[in-house]
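I am opening a notebook on a structure that is new to me. I will begin with the whole chain and then turn to a single residue and its surroundings.

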Amino acid sequence: MDHLARQNVQVTVQPVGAAAWQQLPSTYLVCAQDRGTPPRRQREFARRAGNVIELDAGHHPFLSQPGAVRDLLLSL
C-alpha cells in the first residue's frame, strides 16, 4: 500500500485518442481475484488482445506477485 498513489479522476472522463492493441500485437493480463475490475469484465476486454494470460492475483499484481509479472513481461 505504501507504493500506491492517487490517480487523477480526469483519466476516467478523457476520450481515448488511440488504442495500440488495434495495430500492435497485444497481451491482456486478467487478474482473477481483482475486486476493482471484475474478472468477467476483464475477460470481455481481453477478447480484443491477441494473447490472454490469467493470473490468480488482485488488482495490483505488480505488488502482490512481482515475479510473475516480471516473467510475463520478459516473455513478451
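I looked up the surface first: the protein chain of this predicted model exposes about 6,200 Å², and carbon and sulfur atoms supply 54% of that area. I then checked how much lies inside, and found that buried residues make up 18% of the 76 residues in the chain. Along the principal axes, the C-alpha atoms fill a box of roughly 30 × 30 × 25 Å.

Next I went through the secondary structure, which comes to 3 helices and 2 strands, arranged along the sequence in the pattern β-α-β-α-α. For contacts between residues at least 6 apart in sequence, I noted that 42% join residues at least 24 apart.

I turned to α1, where Pro39, Gln42 and Ala46 are buried. Seen down the axis of α1, these buried residues fall within an arc of 55 degrees, so they line one face of the helix. I also looked up what they pack against, and the partners are β1 and β2.

My last entry concerns Asp34, which I located in the loop between β1 (27–31) and α1 (39–46). What is the nearest side chain of opposite charge to Asp34? I found Arg35, at 7.1 Å, and Asp34 is buried yet has no salt bridge. Its side chain does, however, reach the backbone nitrogen of Thr37 at 3.0 Å, and a polar contact of 2.7 Å joins it to the side chain of His59. Setting aside neighbours within four places in sequence, I listed Pro39, Gln42, Ala57, Gly58 and His59 as the residues in contact with Asp34; Pro39 and Gln42 are among the buried residues of α1 noted above.

Methods:
Residues are numbered from 1 along each chain as its sequence is written. This is a predicted model: local features need pLDDT of at least 70, side-chain atom pairs count only at pLDDT 80 or more; totals for chains, interfaces and linings use all residues. Side-chain values use heavy atoms; hydrogens and water are left out. Helices (H or I, at least four residues) and strands (E, at least two) are DSSP runs, numbered from the N terminus. Buried means under 20% relative accessible area, exposed over 50%, partly exposed in between (1.4 Å probe, protein chains only). Lys and Arg count as positive and Asp and Glu as negative; His and the chain ends are not counted. A salt bridge is a side-chain nitrogen of Lys or Arg within 4 Å of a carboxyl oxygen of Asp or Glu. A polar contact is a pair of N or O atoms within 3.5 Å; within protein, one must be able to donate a hydrogen and the other to accept it, and residues adjacent in sequence count only if both atoms are side-chain atoms. Contact means heavy atoms within 4.5 Å. The arc is that of the directions from the helix axis to the C-beta atoms. Accessible areas come from the Shrake-Rupley method with a 1.4 Å probe; for residues, only the protein chains shown count as cover.
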